[in-house]
There are 4 protein chains.
Amino acid sequence: MAGSTYGKLFTVSTFGESHGTAIGGVIDGFPSNIEIDFEFIQAELDKRKPGQSNIVSQRKESDQVQFLSGIFEGKSTGAPIGFLIPNEDAKSNHYDHLKDQFRPSHADFTFDKKYGHRDYRGGGRSSARETASRVVAGALAKLFLKQKGISIHGFVSQVGKIKMTDEAIQEVDFNLIEITTVRCPDLILAQEMEKLILATRKNGDTIGGCVSCVVQGVPAGLGEPIFDKLHAELGKAMLSINAVKGFEIGSGFSSAEMLGTEHNDIFKSDGSTKTNYSGGIQGGISNGMPIYFKTAFKPVATIMQSQPSIDSAGNEITLDGKGRHDPCVVPRAVAIIEAMTAIVLMDFWLRQTAQK
Amino acid sequence: MAGSTYGKLFTVSTFGESHGTAIGGVIDGFPSNIEIDFEFIQAELDKRKPGQSNIVSQRKESDQVQFLSGIFEGKSTGAPIGFLIPNEDAKSNHYDHLKDQFRPSHADFTFDKKYGHRDYRGGGRSSARETASRVVAGALAKLFLKQKGISIHGFVSQVGKIKMTDEAIQEVDFNLIEITTVRCPDLILAQEMEKLILATRKNGDTIGGCVSCVVQGVPAGLGEPIFDKLHAELGKAMLSINAVKGFEIGSGFSSAEMLGTEHNDIFKSDGSTKTNYSGGIQGGISNGMPIYFKTAFKPVATIMQSQPSIDSAGNEITLDGKGRHDPCVVPRAVAIIEAMTAIVLMDFWLRQTAQK
Amino acid sequence: MAGSTYGKLFTVSTFGESHGTAIGGVIDGFPSNIEIDFEFIQAELDKRKPGQSNIVSQRKESDQVQFLSGIFEGKSTGAPIGFLIPNEDAKSNHYDHLKDQFRPSHADFTFDKKYGHRDYRGGGRSSARETASRVVAGALAKLFLKQKGISIHGFVSQVGKIKMTDEAIQEVDFNLIEITTVRCPDLILAQEMEKLILATRKNGDTIGGCVSCVVQGVPAGLGEPIFDKLHAELGKAMLSINAVKGFEIGSGFSSAEMLGTEHNDIFKSDGSTKTNYSGGIQGGISNGMPIYFKTAFKPVATIMQSQPSIDSAGNEITLDGKGRHDPCVVPRAVAIIEAMTAIVLMDFWLRQTAQK
Amino acid sequence: MAGSTYGKLFTVSTFGESHGTAIGGVIDGFPSNIEIDFEFIQAELDKRKPGQSNIVSQRKESDQVQFLSGIFEGKSTGAPIGFLIPNEDAKSNHYDHLKDQFRPSHADFTFDKKYGHRDYRGGGRSSARETASRVVAGALAKLFLKQKGISIHGFVSQVGKIKMTDEAIQEVDFNLIEITTVRCPDLILAQEMEKLILATRKNGDTIGGCVSCVVQGVPAGLGEPIFDKLHAELGKAMLSINAVKGFEIGSGFSSAEMLGTEHNDIFKSDGSTKTNYSGGIQGGISNGMPIYFKTAFKPVATIMQSQPSIDSAGNEITLDGKGRHDPCVVPRAVAIIEAMTAIVLMDFWLRQTAQK
């Protein structure tokens, strides 16, 4: 209820601050008898972790997850899975000056207003470091979904004004995603994006971008009509990720310009559709076509330039650019988008199963 | 869990199909001792109801709500509020031919796959008729929020390619919204939009659009970090509305093109900000600035033209355009957007209060 | 969250006061394609309704349930089932004198303190009239459970000091329950109980009692360890029924006097046990043996004698005995106990199914 | 949903098995700015821990809790509180023989049926070791409730046939509870109970008992009518504790024998009542009087005698008595009863606050 738990049947509760001892969580509702591929889970974490390339934050974290329960002799037992990721490179003294200062477009001000007392070090609870716990849960969900024939592929489709076309997004060669540092499967755009990010960093600035995601193999029937529509829940999950400002499913905002005669997805005799403007979901329920959606990320609020701001007493101050941050968040965000997608789909899978 | 309930502390459960006896719901968690302004509630329903103008569906429903409990001597008692809206103009025989047919880009196919057995008349449970119940709950939430100084204004900001600018959206004269049939506060654009809708109807076609919403008077502190961020929940609520394909908060998708130095909202000494790209929310928590967001609606799937489709046996068929439907959904959707916004904000208000 | 909804996957939300227009509810999560036996549902309501015999309240209610949604052509559709039961014989003027008065051991005082404003007529929301809605939901759950081979039998095992032995409770001929007005399958004790109730009524007094319940056919595996143990949820469900003061599963309070060597249920080779002190549940999970439990009801607080009390200003007053009430609640409570048992078991059935 | 989380606004999620690396949990919804008294929390754990006296299990655990998040500079931040308790004296090899064997009246059989794969060492997830995590959460809740003037006192009121009277339970000198090893405030009965437990242990047997609990200082208004009645939720919480078979509030099972004229609690002019058969709750809502209830515990299933049983293949086997277990669970259970009571009350406190 205080917002740290996601899901109804497959639930993920996370805890931890950017510069505390450790982050971690409890995963409940993971079925028993599923083999846990620890290397796969660690590989998922590695896609999100800082320091992986020259276009991301240089904080050094090995992000080694420790499982504490719910797994016995290599397989899940159905009991809750508790886990920890220690914080290793927490340079808290970098943040001492922020004790009473509010960074623009960060959550310092709102946490202060809501809670009165906060761990200001590195953004505390509001830091995107928390998302590492989501990746652990998402990796477990992926292991489950893989057994059901479901695959999830996120990729960078936009950095600044450099963007893939709508058509290209639906025809991606997923094998190309991890080839590039920026995780964009269009190799030419990928080079441009990387250049743009490096130039932006050099300026002490940051830049926004988009992550697209395609889910294949989802059978018709997942999603609960009315309030818990599949794309509504996907939207919530994506919008819960730090720095996300927008979400669209299928044709998204471009549908606002379209006519019904253009937009309707005509059926083939096997129940699939000739076009997929719906993005694989009708009435909140999957229709068996690929699910695709796009998520917009704002530019990271921490910049390496001095900015005017205020302190908690309302005094005007000047903030220097300090700390280790990402010039552009989308390359690392791909892992988080995939993780949240897996968590949502697994939850709906269990909900659908319950009704059989 | 089957998706017909929204909210955690202020909960709205709806029931009913397009052509059943009645639709309605149960509202739980509405505090006691609040005066119920029945005329206001009915006026909210009137903004959503069909037949209100020449640019919406001509189904005739008086949409008179009947309250069955939870209100005594004109004030709420804290007990659940049960209510009904009878279905009056349900021409079910219009739909007999649809028993075994799947309309393109409707939920017929997915409901059939999920449930096996469905009320096909007028879309049954998947019909937007259900949203009348949301407007009842939203009107009650508005009565509560008004006491707290919170106002909500939705309006049409786009129909087809006719759209208000981002700047204009933030400087709307709310008094102009209800002056136009289409509910766009830019009177010149409004005229163009109405013309476009009428022309589209004449062609037997439909067209998409966008509804923007501005919320004023929300104090800093509403929203729960991590998974239940205020804008994430708003996004889910909007995406749960029929025909919605996209949601963006504040700068939204345009933020993907921006630099951090442009996008950061610099504080004034009173804690307000000079710009409001954040849309009134930082880290998932309201910051006291106006909250604004935009929602994209696809063109209505029912068109007055014949279309190819399939039946439940996979046979190819031709569907004629029949029934009474909206050429463009956004004028009526304004009331639904406002209702869901009110429901979300009231729920978070109670959640925040609980932590004091 | 305000307490009017029960269940996680099979949810029942009720509304309505004793003397309002109607009571009713919304049932969500009932699977599709289940045939609805309307006569059976009405028969269940008839077991609970007032006026059925000379040992219960003489309020006259036909308790005819009206289904408004979720059922199409005689079968469930998976959509929420809305329903109503009109209040017919609501003699509200009987209660005018109670507007500012607190009846001893009723909820008048606590509702007043919690809500400030209340529907005082006939106890308003706190009246056991609300339980008719539970019986509707329970009857639907029974239809589902019957398909799974599960049967539920409640019966009166105690009125005042007249009680069945623990051994007798485990060897009941369920066919005898409905033969007696008091619903006790021991025909000799049943006669004594009826005499005692009639004598108590004659004195203008009321008397307590117990209802026992035996569930057969539950497979091993229902129930969720730790907090949602099957018997813990059964306990909550029973304690949520008006006038219930105690709950025990299997050996219950008598287990406090026993030794481990006596109490352990020794296995037979087929996994069943020689004794059943556990009451069919180990570690919160059903073990395949019959589940049995007992629930204690206090004497009804409304007596037909004058009593001292206070009004809302703290003045001492004298209350006369008025209204139509039960001298002993257990004969009618059997239907409610069975209904709540069915609701709990159906919810756990769906939860267990989700994990497969 | 899988049962490892308790509460709606104040939520406690636990994880961990008896012989894993550690147990622990995540507490969400604990308000910010509350000073954390670490010594108090540890003292609560010490009341539950094994090895504290000669009448409890001799497993040696220091039960030192490590907090990982949600506390900053000695005060809560409103962020989730993650915590760990390492398992130190886990003699797993004691349990190797149990891999395929089912101990009578333990959860081995039901976990096997439900999950297929289980951590059998020391009962795994079904072990009462899990309750140490509840004591941590309960201690935090107590710190919150203390600020509100609420105190909770559990004590042993029965061991075998040695029991305190109903009258004595309502007039306990709480200072005497911790004086005795068995935690019974009647010093003479306490001696008899301790003798009985030692004699039972000497026989290799175990014995049941009861814990009573009195809560003082609860204002009128806590509890949610209908399904989430305060005593219903207390009942569920108590029945979720290992080995509990019964729960009664106020007059409990003895109310079944009483007349309304005896049982009604007559008001005094200040709203308090002359008697307190209701146990401080009417209609599911606290009335300001002390809340008292009693919980029955079965004899511990592990006995130090050989017993017949079966293995997972259905073969008849003989189990030897091994391991380190309690001859009687109630002295240690007092801390768990108090913890769950505190958790329930804190949750209802927040729920009530939300409605103001």
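Which residues of α5(B) are buried? This tour of a predicted model starts with that helix and then moves outward to the contacts between chains.

**Stop 1: helix α5 of chain B**

Select residues 187-202 of chain B, which form helix α5. The buried residues here are Leu189(B), Ala190(B), Met193(B), Glu194(B), Leu196(B), Ile197(B) and Thr200(B). Turn the view until it runs down the axis of α5(B): the buried residues fall within an arc of 165°, so they line one face of the helix. A general rule helps in reading this pattern: an α-helix has 3.6 residues a turn, so residues three or four places apart point the same way.

Next, colour Leu187(B), Ile188(B) and Lys202(B), which are exposed on the other side of α5(B). To see what covers the buried residues, add β9 (151-159) and β10 (162-163) of chain B, which are included in that cover.

The length of the helix can also be checked. At 1.5 Å a residue, the 16 residues of α5 in chain B should span 22 Å, and the end C-alpha atoms are 23 Å apart, which agrees. Beyond the helix, select Gly204(B), which follows α5(B) and has a positive phi, near 70°.

**Stop 2: helix α5 of chain D**

Move to residues 187-202 of chain D, helix α5 of that chain. Its buried residues are Leu189(D), Ala190(D), Met193(D), Glu194(D), Leu196(D), Ile197(D) and Thr200(D). They fall within an arc of 165° when seen down the axis of α5(D), so they line one face of the helix. These buried residues pack against β9 (151-159) and β10 (162-163) of chain D. On the other side of α5(D), the exposed residues are Leu187(D), Ile188(D) and Lys202(D). Gly204(D), with a positive phi near 70°, follows the helix.

**Stop 3: the nonpolar core**

Select Ile343 in chains A, B, C and D. These four residues have the most contacts inside the largest nonpolar core, which has 405 residues. Centre the view on Ile343(B). Leaving aside neighbours within four places in sequence, Ile343(B) is in contact with Tyr6(B), Gly7(B), Phe10(B), Val12(B), Ala137(B), Gly138(B), Ala141(B) and Ala237(B).

**Stop 4: where chain A meets chain B**

Show chains A and B together. Here 90 residues of chain A are in contact with 90 residues of chain B. Several elements of chain A each supply at least two residues to this side, among them β1 (5-6), α2 (108-115), β11 (209-216) and α6 (230-239). Highlight α6(A), which gives the most, with six residues. Coloured by class, the side of chain A that touches chain B divides into 33 nonpolar, 37 polar and 20 charged residues.

**Stop 5: where chain D meets chain A**

Finally, show chains D and A. The contact takes 38 residues from each of these chains. In chain D, β2 (11-15), β3 (22-28) and β7 (81-86) each supply at least two residues of the side that touches chain A. The largest share, five residues, comes from β3(D). By class, this side of chain D has twelve nonpolar, 19 polar and seven charged residues.

How are the two chains related? A rotation of 180° with 0.0 Å of shift along its axis superposes chain D on chain A, with an RMSD of 0.0 Å. That is the relation of a two-fold axis. To locate the axis, select Val26(D), the residue of chain D that comes closest to it, at 3.6 Å (C-alpha). In addition, 100% of the interface residues of chain D are also interface residues in chain A, so the copies meet through the same surface.

How values were computed: Residues numbered from 1 in each chain as written. Chains lettered and ligands numbered in written order. Predicted model: local features only at pLDDT ≥ 70, side-chain atom pairs only at ≥ 80, totals over all residues. Helix = DSSP H or I, 4+ residues; strand = E, 2+ residues; numbered from the N terminus. Expected span 1.5 Å × (residues − 1). Buried ≥ 20, exposed ≤ 12 C-beta atoms within 10 Å, placed from the backbone. Arc of directions from axis to C-beta. Contact = placed C-beta atoms within 7 Å. Least-squares fit on C-alpha atoms with pLDDT ≥ 70 in both. Core = buried A, V, L, I, M, F, W, Y, C linked by C-beta atoms within 7 Å. Nonpolar A, V, L, I, M, F, W, Y, C, P; charged D, E, K, R; others polar.
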